[in-house]
Amino acid sequence: MPTKLSYRVLGPLEVSRGGRVLTIRAGKHRSLLAALLVSANRLVPVDELVERLWGQNPPPTARATLATYVMRLRRILRTGAGDEEPRRDPIRTRPEGYLIDAAPEQVDLGRFDQLLAEADRHPHDPEAVLGLLADALRLWRGPALVDIPSESLQRDVAPRLEEQRLHTIERRIDTELALGRHAELVGELTALTTEHRLRERFWHQLMLALYRSRRQPDALDAYGRLRALLIDEMGLEPSTEIRALHLRILAEDPTLHEADGHVRHPAAVTVPATWLTLCQLPPDLSDFVGRSELIAQATSALLPDHDRTGVPVVAITGAPGTGKSAVAVRIAHSLRPRFPDGQLFVRLTGVGGASRDPAEVLGELLTASGLGRDALPEGLEARAAAFRARLADRKVLLVLDDAARSSQVVALLPGTASCAVLVTGRRMLSDIPGAVGLRLDSFVPADALDLLARLAGSDRVAEEPAAARAIVDACGGLPLAVRIVGARLAARPLAGLAGLAERLADEQRRLDELRTGDLEVRAGLALSYSGLSASARTAFRRLGLLGAVDVAAWTVGVLAARTDGEPSEDGWADGERLVEELVEANLLTETGRDPTGEARYRPHDLIALYAGELARADDDATTISALRCLMDALLGLADAAHQKLSTVTIDEAPVEPADPPPILPVRMVDRLTADGEAWLLAEQPLLDWAIRRCVGLGWYVRAALLCERALARLDIQLPHAHVVELLDLVAGAAREAGDERVAWRATWQRSMQMATRQLTNDVLESLAEAARVFDRLDAPVDLAYALASLAYFHSERQDRTAALSLAEKAVAAARGSGHRPAYATSVREFASLLAEYDRYDEAVPLFDEALAIARDIGGPVDEALVLHRITRYALEHGDLDRAAEASQASLDAVAGVTEFRARAYVAAMAARVASARGEGRQAVVLAERAREEFGKLGDRFGEVAAIASLAEAYLEVGRADDVIPLVDETLPAFADVGATRHVERLKNACAAARRALGGQS
């Protein structure tokens, strides 16, 4: 068995494995581990960890450094791990943070909490309570986190833990007092009141112990000392409880001597678009049997009820293999007529078996319901609110399959009782608000025999009833096991049942797992696995590397590829045949079609676990070769999909060339990626997993190549923090490998993502450092784009001198590189700066040159963005005819594309032109459209520009009284964005409004 890690935080930090202490010398590493351990099994956001390590003034590279610390900490925690657990890392990476996976008994703090909870369950057994509390207090080896150099943890966490310890001491003393052990406690309580002079509970216990020990004068003296202390130091009288005890002691109340054996302690504080109707349910099983009572209970609980105010929620839980998903699908299909607005189905586990981010799931549900991808709000709370709004008063059934924890579900719940939610999970989900919990047990023998008869043939079961009963008994009544052996029999219609029953009775062939609990499925899985062809066995084992996720047939084909360096197109293109074989063996299930039209397949979670065990049994070299083959196929497809994206602009630095070995046939690549955006969306979970796995394997170049191509579209679909994390991982891995160019390309891309939220000095410095590195590395194309970006941002901050110098350098670098897109971008920025410096006549031919290049080699977005600049500076220099012409041309260019950020910028500028031409109503419409689109994208910089255009449009239509509150609301809300020029526009509009209103505010 693997040797588990053991952690101790109740005193000096200590980590051990099998009795061997693991040394963690670096203070930051100890602080990071402690921050994770005090929140074990809970996601700790990156921002919180940064604050724990660096306080309120973290360095600019804090996030990247944090990722490096996590990587190093993982290595330390792997020390002493045996070969039996080659890839188990306790620290898990999630889109917005990290968590440490540790059972309560592995952490002394977790064990402490367990013992306290156990004590709460025995209120009438003081001896048991006393033992449990004493065991809990023995876990303390000194002040908690005593050697952790984190001001944040010492301020926020250590006092809370110390309070828990003191409260537990109070509970233990209460328990001993209830047992009549008064005299023994006097010495300890005297010491406690000396150490904790203002803690009145200890004084109360001391007074009671003294009085019960027939020491009334000493008890009264203790009260006098406490009262003098409180008056001298606090100016306060003792608490009502202490004063009442004092009076009872004075009166020699005989009831104070009664120790009734009941434990009393203070109770714990308790804190109290267009709708698209669709059915996403997987197919119902035609051979479904049993479960009638549970289905009736669930159906009754889910049906709409006029008297119900809360959302009906049913949570079905049970051991793996009991058929939770199948039951949920059967219930959902039966309820379809009662929920005419749709039945949504989503799985809550992702690649590698990891829990999916609720924000990502909400994005999937919102887009499935008809909300455009561009309209997805940013962040979990905003998406949850949008989802509730979409479902309000509609009759929708939501099926959430395989929830790992209740917190995953809560954010997905509708807000109105007209909807209903059906959840399945491997763990109990009892804390979902208002949920009706139903547990799924194994089949009764009659249902198991019925299922076997449906699969293998009722006549065969009738002919050999004893053998049939022996088969289902060996399967332990688990539906999955019965289904697997039934499918095997169905594949051999002439075979008798007695032979299979005899083989299942042989424990050496049946394996231990078929005897009890979750392990009762492995024998059936082993039988099905052994019946596969050699290539199907290979595919099945290697599917275990991915976990229980949806895959397309091409993935299965690639996983079954030869890894000896001799590619065979037929061997790597047979995914469809392999899928058919695995589906027939009940090892894969068809789950629907993805956005490209490809069928998707998924193994049951227990089957995936079994496949993973088989995969780990392969030698490391074979596994690495299989992973390399999969990554190369993914990269080839991602590259093909990227090339087919229609709106990639000249403003985007070219992706690094990728030349992976040709894994899949060209015709298959063309078919799968015919719609590049659809393929990227379909394979989003696999791409995310692949980038992270490549980083973990040290394949940072593959990770960077995949990341660049995936984020060409998924930077909007994925939560912003998730995008930043992926870029941080790539940058950190490349930096650790010593590859500066790859590291700084990822860092540059990260900075550009950050600039859409807030143009800070840190962002500018990061871009400037990237430019310095690209210059030193003689990478002129990267340098040109970095300098052009810097020039633009400095001009937006009205730092025109620096901006002009940067733009000139960008033009020089681009010209030297011979890369026309970079040259067009740089010339456009240079022309913009010339116009800023009132050198408009010099700027005009340069703008025309950039526009000609954009029209020659770019797409409509390239053309529109150059026209956007022409519009702006023509407008600012009084060339209104040219501004109007360019503005209309830019609107026409982006009318049919899905690059929403470009459309928003063009609309915001067109609003300014309309205002200048006296077309106020049109200006308001355009500005409001731009503001809305920027808001959906989370682009705060662009949103400020759009609001400034809206304020100017309000002035034009005589709505001066709307300008002042708009500006007053905007300036503080966007003060941290860094949009200096647009802030100045807002102030000017506000001043004009005040003048128009005669100085009124």
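Colleague: How many salt bridges does the structure hold?

Modeller: The structure holds 66 salt bridges. Keep in mind that this is a predicted model.

Colleague: What lets such side chains pair up?

Modeller: Side chains of opposite charge can pair when their charged atoms come close.

Colleague: Give me one to look at. What does Arg-602 pair with?

Modeller: Arg-602 forms a salt bridge with Asp-550. Their closest N and O atoms are 3.8 Å apart. The pair links distant parts of the chain, with the two positions 52 residues apart. Arg-602 is in strand β14, residues 599–602. Asp-550 is in the loop between α24 (534–543) and β12 (551–552).

Colleague: Is Arg-602 buried or exposed?

Modeller: Buried, because its relative accessible area is 8% and the cut-off for buried is under 20%.

Colleague: And where does Asp-550 fall?

Modeller: Asp-550 is partly exposed, with a relative accessible area of 32%.

Colleague: What about Glu-598? Which residue does it bridge to?

Modeller: Glu-598 forms a salt bridge with Arg-671. The closest N and O atoms are 2.4 Å apart. This pair also links distant parts of the chain, 73 residues apart. Glu-598 is in the loop between β13 (589–593) and β14. Arg-671 is in helix α29, residues 666–672.

Colleague: How accessible are those two?

Modeller: Glu-598 is buried, at 12% relative accessible area. Arg-671 is partly exposed, at 44%.

Colleague: Now a pair within one helix. Where do Glu-932 and Lys-936 sit?

Modeller: Both are in helix α43, residues 920–937. They are four residues apart, so about one helical turn separates them. Their side chains meet in a salt bridge, 3.4 Å from N to O.

Colleague: Buried or exposed, that pair?

Modeller: Both are partly exposed. Glu-932 has a relative accessible area of 47%. Lys-936 is at 25%.

Colleague: Which residues are linked in a network of salt bridges?

Modeller: One network links Arg-42, Glu-48, Glu-51, Arg-52, Arg-155 and Asp-156.

Colleague: Let's switch to Arg-347. Where is it found?

Modeller: Arg-347 is in strand β8, which covers residues 343–347. Arg-347 counts as buried, at 16% relative accessibility.

Colleague: What does its side chain make a polar contact with?

Modeller: With the side chain of Asp-401, at 3.4 Å.

Colleague: What else does Arg-347 touch?

Modeller: Setting aside residues up to four places away in sequence, Arg-347 touches Pro-282, Arg-356, Asp-401, Asp-550, Thr-591 and Arg-602. Two of those names came up before: Arg-602 and Asp-550 form a salt bridge.

Colleague: New topic. Which residues make a nonpolar surface patch?

Modeller: Leu-198, Met-234 and Leu-236 make one of about 280 Å².

Colleague: Where is Leu-236 in the chain?

Modeller: Leu-236 is in the loop between α10 (216–234) and α11 (240–250). Leu-236 is partly exposed, with a relative accessible area of 47%.

Colleague: Last one, Asp-879. Where is that?

Modeller: Asp-879 is in the loop between α40 (860–876) and α41 (880–894).

Colleague: How accessible is Asp-879, and which residues is it in contact with?

Modeller: Asp-879 counts as partly exposed, at 27% relative accessibility. Leaving out neighbours within four places in sequence, Asp-879 is in contact with Tyr-840 and Ala-874.

Definitions and conventions. Residues numbered from 1 in each chain as written. Predicted model: local features only at pLDDT ≥ 70, side-chain atom pairs only at ≥ 80, totals over all residues. Heavy atoms only, no water. Buried < 20%, exposed > 50% of the residue type's maximum accessible area, 1.4 Å probe, protein only. Polar contact = N/O pair within 3.5 Å; in protein donor to acceptor, adjacent residues only side chain to side chain. Contact = heavy atoms within 4.5 Å. Patch = residues over 30% accessible without salt bridge, like charges linked within 9 Å, V, L, I, M, F, W, Y side chains within 5 Å. Areas by Shrake-Rupley, 256 points an atom, 1.4 Å probe, with all protein chains shown as cover. Salt bridge = Lys/Arg side-chain N within 4 Å of Asp/Glu carboxyl O.
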